[in-house]
Amino acid sequence: MPNGLKSPIHYNEGESPYSQSHLSETGNSSNPILPIDGYNYDNYIRIKKWPRRKNAYFLVVTTMIHNKARFVPEWIEFHLLQGFDRFVIYDDASTDGLKAILDPYIQMDVVEYIRWPEDGEAVHNSEAGPRVFDTKFQEDTFNTMYKLYCLNRPKRGSLHAHGGCQKSSAIDTIARYRHKSVWVLHADIDEFFYSRKKIGQSGLDGIVTVRDILAQNYHYYDQIVVQGHIFGTSGFMDDPTPVTKEMPFPMVMEQYRHRRSYTSDRNREAHIRSRIHCEKAFVKAYLPAGTWVHSWYFDKNAKVRSISSMESVLTMNHYQYRSILGQNRKAAENSNYNIEYDRPADQFLMETKDYGIGYLAPLVRHNLQQRINDNLFPELPSLNYFQPTRKPRVNSLVNKQVDICIAVTHFNGELPQLRKTIHSIQQFLNIVDKNITYKWVFVSQRITSVGDDKQQESVYFKDFYNLLDEVKYVSRTTTLAQMIDIATHLCGTNAEFILYLEDMWETRFRVPGRKSAHSTIVQKPVFKEAMDLMRQDTSILEVWMGDTPHNTPYTALYSDWLPISSIAHSDNPSNTTTNSTTISSSRWYRKNFGNEENPHSVTRLGGTLRHRLRQKSVGSWAMFDTDPNHNPLTLTKMYGQAAMKKNLSSAQICYGDSQKTGGCQLDSDHTNDGAITGIMWRQRLVLNKEKGLPFLFDRPLK
């Protein structure tokens with residue numbers, strides 16, 4: 001054992017605290033062995049058989065929680081498998097039944113539950129105490145953080161209101177477990193620590209756990225800093241992720257499979273630069289004086305052996321951004337508005353597919369399901385989770401007619417973008433364009449899940465499946481043109497207009513929070529305006545709902561901005577009788593005619609509201625898919641030329657005085673690209689190098 005390293009009290013003198021073999025499950029000890037697997041010992045999966053003894057621990061994790069009860073059991077089960085044997089959980093005024101959810105783990109003596117700071121003095125004087133400080137600096141650090149920054153903390157909502165209590169709780173764990181545990185980790189419940197599956201690894205015996213790494217490979221070090229991977233929202237609108245009657249706890253590790261890339265150039269990108277820090281540190285329990293949250297600090301003269309190059313050995317998945325609305329609530333609770341949902345940033349946070357943790361998910365699910373089956377939880381969380389509401393389905397309408405058929409083609413295989421496309425457009429219809437009647441149709445290729453070739457991706461559609469009226473799955477060889485035609489057929493004849501969406505569009509709506517409050521977002525009934533415009537002008541094939549690149553192929557020939565006549569209609573969408581023709585100075589449109597070389601300005605593949613019968617007069621999309629490589633730009637060029645022969649054009653709508661806004665350049669995606677902006681944004685990376693360009697190309701489908 002390295003010189004100067006203190007042995008925890010539960011190891012015999014002269015024995016290494018890192019050896020596990022000398023502790024048998026039936027050996028004699030004054031500290032009785034505790035069953036880690038609950039009451040039905042043999043029904044639970046264990047990667048390794050580590051005995052546990054009361055007040056004698058190898059790996060303790062400490063965390064503070066506020067109203068995240070339903071997420072905790074999965075996190076505990078995962079880290080039990082990784083060899084953690086003690087969870088010190090501080091409750092920061094939760095009101096969602098946290099203690100009841102923790103009850104089976106408290107009964108097993110796996111969890112120590114503490115209300116913080118209410119139980120601060122009691123825990124010091126209890127069996128779990130006392131706090132032990134080896135130096136005055138350690139004691140002063142705790143007292144300052146606990147008394148000054150926690151007990152006297154500002155009310156929730158002030159800057160980092162929870163910081164003092166969070167840090168003092170971690171120091172409390174260190175002080176009380178200083179000579180009861182070898183290692184301590186300060187982590188959040190959205191952080192999962194593990195070692196990636198090795199090539200050729202099979203069976204439980206082949207799994208390398210966190211405990212294996214700490215006990216065998218890196219026991220020489222005093223602090224091990226683990227870099228993590230930050231995962232994006234995966235398109236979820238709100239917390240929690242979907243649950244079922246059989247599994248009422250969200251399986252976060254299964255749902256989120258897209259994270260930000262860690263290539264060096266990404267760290268310099270403006271939209272992601274402030275969201276790159278992701279690390280936590282394991283530390284020898286006897287050493288720290290305090291915590292920086294992401295790492296520890298020590299007495300001035302302490303000699304600390306630290307290592308941080310752990311990427312190939314140990315990693316952390318940080319599910320920090322679980323949803324759009326949930327992220328802003330988290331930012332408000334923490335008074336840290338830098339982590340609010342940001343549209344361009346979220347694309348970076350979902351750039352790389354990563355389900356390296358997936359091989360452990362079935363083990364966690366099994367053990368969690370077993371505890372549910374054994375009725376160990378006195379209370380289970382509600383089965384209610386965020387499901388966007390929608391208007392009655394078309395079959396329930398008296399005349400079976402709707403204004404719009406929303407036709408989504410899932411062609412790219414990007415599930416987060418697909419989810420966000422559907423959820424965000426539904427959210428816009430719920431809170432902004434509320435008077436539109438519609439139906440949903442969905443066409444998807446049969447695609448396997450990220451990281452699991454045996455699982456169909458459709459198993460993860462359940463959170464928005466209830467929105468859809470008709471669904472059609474097609475083979476992987478089906479072209480995009482064919483899928484658009486299939487979606488058109490599913491729309492039938494009971495919709496006057498069709499909104500075509502690829503799985504890459506996000507609809508802007510105002511997210512509660514500081515950033516969104518100051519952003520330029522169209523909070524107008526644009527769909528209603530677009531329908532009125534096409535009823536008024538029969539030469540318009542489609543109105544573009546999304547950003548329009550300000551470059552020649554898309555702006556070859558267009559009209560001046562013209563005011564839109566305000567036309568009132570009855571509930572019958574086919575009724576085009578004009579009841580009033582008031583001219584509004586705040587609503588404008590312009591028509592795009594295109595030319596032979598640049599017909600792209602007449603039609604687009606997605607993000608457009610199209611008049612169904614005018615499209616029918618042009619023909620099916622497959623008719624124009626003559627390119628052997630099925631290039632999308634070639635397809636739109638051919639279709640645009642055919643539409644031009646029918647004297648059809650496209651149009652864009654903007655709000656505000658067009659003379660003052662310089663042509664309605666709202667620029668909602670903050671790229672200063674001179675684009676005409678609608679209510680949608682194509683989900684793509686917005687790079688630094690594009691900032692100075694006079695235009696921004698709308699990325700074609702690959």
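**Exercise 1. Aromatic pairs**

Task: State how many aromatic pairs a search of the whole structure finds, and describe the pair of phenylalanine 78 and tyrosine 194.

Solution.
Step 1. The model is a predicted one. Searching the whole structure gives 25 aromatic pairs.
Step 2. In the pair of phenylalanine 78 and tyrosine 194, the centres lie 6.3 Å apart and the planes make an angle of 85 degrees. Planes over 60 degrees apart count as edge-to-face, and this pair is edge-to-face.
Step 3. Phenylalanine 78 belongs to helix H1 (residues 72-81), and tyrosine 194 to strand S5 (residues 191-194). With their positions 116 residues apart, the pair links distant parts of the chain.
Step 4. Phenylalanine 78 and tyrosine 194 are both buried.

**Exercise 2. A second pair and a cluster**

Task: Explain why the pair of tyrosine 256 and tyrosine 319 is tilted, and name the residues of the aromatic cluster.

Solution.
Step 1. A pair of aromatic rings is described by two values, the distance of the centres and the angle of the planes.
Step 2. For tyrosine 256 and tyrosine 319 the centres are 6.0 Å apart and the planes stand at 45 degrees, so the pair is tilted. The cut-offs behind this are under 30 degrees for stacked and over 60 for edge-to-face, with the rest tilted.
Step 3. Tyrosine 256 is in the loop between H7 and strand S7 (258-259). Tyrosine 319 is in the loop between strand S12 (315-318) and helix H8 (324-334). The two are 63 residues apart, and their pair links distant parts of the chain.
Step 4. Tyrosine 256 counts as buried because its relative accessibility is 1%. Tyrosine 319 has a relative accessible area of 1%, so this residue is buried as well.
Step 5. One aromatic cluster is formed by Phe78, Phe192, Tyr194, Phe231, Phe236, Tyr256 and Tyr319.

**Exercise 3. The surroundings of serine 234**

Task: Locate serine 234, decide whether serine 234 is buried or exposed, and list its contacts beyond four places in sequence.

Solution.
Step 1. Serine 234 is found in the loop between strand S6 (223-230) and helix H7 (252-255).
Step 2. Its relative accessibility is 1%, so serine 234 counts as buried. The cut-off for buried is under 20%.
Step 3. Without the neighbours within four places in sequence, the contacts of serine 234 are Gln255, Tyr256, Arg257, Met350, Pro416 and Arg419.

**Exercise 4. Charges over rings**

Task: Give the distance from the ring centre for the charged ends of arginine 131 and arginine 590.

Solution.
Step 1. Arginine 131 has its charged end over the ring of tyrosine 146, at 5.8 Å from the centre.
Step 2. Arginine 590 has its charged end over the ring of tyrosine 558, at 3.7 Å from the centre.

**Exercise 5. Salt bridges**

Task: State how many salt bridges a search of the whole structure finds, then work through the bridges of aspartate 85, aspartate 354 and lysine 420.

Solution.
Step 1. The search of the whole structure yields 29 salt bridges.
Step 2. Aspartate 85 pairs with arginine 211, with 3.4 Å between the closest N and O atoms. Aspartate 85 lies in the loop between H1 and strand S2 (86-91), while arginine 211 lies in helix H6 (residues 210-217), 126 residues apart. Aspartate 85 is buried because its relative accessible area is 2%; arginine 211, at 5%, is buried too.
Step 3. Aspartate 354 and arginine 196 form a salt bridge of 2.7 Å, N to O. Aspartate 354 sits in the loop between strand S13 (352-353) and helix H10 (361-373), and arginine 196 in the loop between S5 and H6, 158 residues apart. Aspartate 354 counts as buried at 6% relative accessibility, whereas arginine 196 is partly exposed at 28%.
Step 4. Lysine 420 and aspartate 346 form a salt bridge of 2.5 Å, N to O. Lysine 420 is in helix H11 (residues 415-431) and aspartate 346 in helix H9 (residues 343-348), so the bridge ties together parts 74 residues apart in sequence. Lysine 420 is buried at 0% relative accessible area, and aspartate 346 is buried at 2%.
Step 5. Glu112, Arg131, Asp172 and Arg176 are joined into one network by salt bridges that share partners.

**Exercise 6. The whole chain**

Task: Give the number of helices and strands in the protein chain, and the percentage of its residues that count as buried.

Solution.
Step 1. The protein chain contains 17 helices and 26 strands.
Step 2. The protein chain has 702 residues, and 61% of them count as buried.

Technical notes: Residues are numbered from 1 along each chain as its sequence is written. This is a predicted model: local features need pLDDT of at least 70, side-chain atom pairs count only at pLDDT 80 or more; totals for chains, interfaces and linings use all residues. Side-chain values use heavy atoms; hydrogens and water are left out. Helices (H or I, at least four residues) and strands (E, at least two) are DSSP runs, numbered from the N terminus. Buried means under 20% relative accessible area, exposed over 50%, partly exposed in between (1.4 Å probe, protein chains only). Contact means heavy atoms within 4.5 Å. Rings of Phe, Tyr and Trp (its six-membered ring) pair if their centres lie within 6.5 Å; planes under 30 degrees apart count as stacked, over 60 as edge-to-face and the rest as tilted. A charge sits over a ring if NZ of Lys or CZ of Arg is within 6 Å of the ring centre and within 35 degrees of the ring normal. A salt bridge is a side-chain nitrogen of Lys or Arg within 4 Å of a carboxyl oxygen of Asp or Glu.
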